[in-house]
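Got your viewer open? Get ready to click along, one selection at a time.

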Amino acid sequence: MFLEKLVNQNARRGWIEVVCGSMFSGKTEELIRRLKRAQFAQLKVEIFKPQIDTRYDINEVVSHDRNSISSTPVPASSNILLLADGVDVVGIDEAQFFDDELVNVCTQLANKGVRVIVAGLDMDFSGKPFGPMPALLATAEYITKVHAICVDCGDLALHSFRFQQSDDLVLVGEKESYKPLCRKCFNQNQLDRGNVKNTNLKDEINEF
Ligand code: ZN
């Protein structure tokens with residue numbers, strides 16, 4: 001578990017934390033845990049999420065177990081700078097859906113003394129780094145990678161495998177659309193579905 005360092009508030013130093021992982025890995029729960037602790041400590045907390053994520057509720061960051069905390073949906077990352085004036089802690093959920101400018105926004109906030117906590121999917125459904133996440137991971141002080149459990153074999157899962165056939169990068173959904181898989185099962189599922197153009201993958205898997 002990530003344990004926060006004790007910070008002298010008078011010094012007001014900002015930094016960036018990233019919580020990443022696949023779907024069903026508990027990213028949002030971890031974001032909410034950190035934010036609620038900060039709220040309890042009387043710090044001014046604001047939470048933002050991209051307007052695209054409307055799975056449950058327009059004004060709340062809601063994790064899969066319905067634990068929630070109120071938030072502001074914004075159309076672009078630049079809106080966060082305007083709305084985060086005078087705030088101690090900024091939480092950002094579903095960061096993978098934001099534009100690339102999010103990295104600069106987080107850097108500016110941290111430079112101004114704000115603690116920035118970002119949660120997001122590190123990989124898309126095809127296993128590629130997702131949106132601004134790789135750049136955020138490179139520039140953050142602290143990174144926590146959380147894992148789901150592979151539903152096929154019970155190992156640790158890092159992939160979000162999509163059942164539905166669609167090439168859209170953004171397909172907001174849940175258990176009906178995605179399942180968490182480990183590397184081996186993800187590759188096998190991709191092969192079984194014919195999703196893989198890489199013919200080497202078959203040989204790579206068979207070498208196990
Ligand atoms: Zn597996």
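Here is a short tour, stop by stop.

**Before you click**

You're looking at a predicted model, so to speak of local features a pLDDT of at least 70 is needed, side-chain atom pairs count only at pLDDT 80 or more, and totals for chains, interfaces and linings use all residues. Residues are numbered from 1 along each chain as its sequence is written, and side-chain values use heavy atoms, with hydrogens and water left out.

**Stop 1: the zinc ion**

Select the zinc ion and show what surrounds it. Which residues are its protein donors? They are Cys-150, Cys-153, Cys-182 and Cys-185, each through its SG atom, lying 2.3 Å from the ion. Donors here are N, O and S atoms within 2.8 Å of the metal (3.2 Å for Na, K and Ca); water is not among the atoms, so sites may look incomplete. The angles among the four donor atoms run from 102 to 118°, and the site is tetrahedral (four donors get that label if all angles lie between 85 and 135 degrees).

Along the sequence, the donor residues follow the spacing C-x2-C-x28-C-x2-C. Distant parts of the chain are linked here: Cys-150 sits in the loop between strand S9 (148–149) and strand S10 (156–157), while Cys-185 belongs to helix H5 (residues 183–193), 35 residues apart. Helices (H or I, at least four residues) and strands (E, at least two) are DSSP runs, numbered from the N terminus.

Now turn on the surface. Cys-150 is buried, at 3% relative accessible area, and Cys-185 is buried too, at 13%. Cys-153 is partly exposed, at 46%. The cut-offs are under 20% for buried and over 50% for exposed, with partly exposed in between (1.4 Å probe, protein chains only).

How many disulfides are there? The count is zero, where a disulfide is a pair of cysteine sulfur atoms within 2.5 Å.

**Stop 2: along helix H5**

Stay with H5 and color its buried residues: Cys-185, Phe-186, Asn-187, Asn-189 and Gln-190. Right after the helix comes Gly-194, with a positive phi near 75°.

**Stop 3: strands S11 and S12**

Next, select strand S11 (residues 159–162). His-159 and Phe-161 point one way, Ser-160 and Arg-162 point the other way, and all are buried. S11 pairs with strand S12 (residues 178–181) in the antiparallel sense over four bridges; two strands pair if DSSP finds at least two bridges between them. To find one of these bridges, pick Ser-160 and look across to Pro-180 in S12.

**Stop 4: strand S7**

Jump to strand S7 (residues 115–121). Are its residues buried or exposed? Seven of its seven residues are buried. One side carries Arg-115, Ile-117, Ala-119 and Leu-121, and the other has Val-116, Val-118 and Gly-120. In a regular strand the side chains alternate between the two faces of the sheet.

Add strand S1 (residues 15–21), which pairs with S7 in the parallel sense over seven bridges; Ile-16 has Val-116 as its bridge partner. Then add strand S6 (residues 89–92), joined to S7 by four bridges and running parallel to it. Gly-91 stands opposite Ile-117 in S7. Trace the chain from S6 through helix H3 (residues 102–111) to S7 and you've followed a right-handed β-α-β crossover. Right-handed means that, with the strands pointing away from the viewer, the path from the first strand over the helix to the second runs clockwise.

**Stop 5: the largest nonpolar core**

Select Ile-80, Val-90, Ile-92, Val-118 and Leu-136, the residues with the most contacts inside the largest nonpolar core, which has 24 residues. Such a core is a set of buried Ala, Val, Leu, Ile, Met, Phe, Trp, Tyr and Cys residues joined through side-chain atoms within 4.5 Å. At least two residues each come from S1, S6, H3, S7 and helix H4 (133–139). H3 gives the most, with six residues.

**Stop 6: two loop residues**

Finish with a pair of backbone details. Phe-24, in the loop between S1 and helix H1 (27–40), has a positive phi of about 65° although it is not a glycine. Phe-24 is partly exposed, with a relative accessible area of 22%. Glu-94 is in the loop between S6 and H3, and its phi is positive, about 55°, although it is not a glycine. Glu-94 is buried, at 9% relative accessibility.

Notes:
Four donors count as tetrahedral if all angles lie between 85 and 135 degrees; four count as square planar and six as octahedral if opposite donors are over 155 degrees apart and all others between 65 and 115; anything else is irregular.
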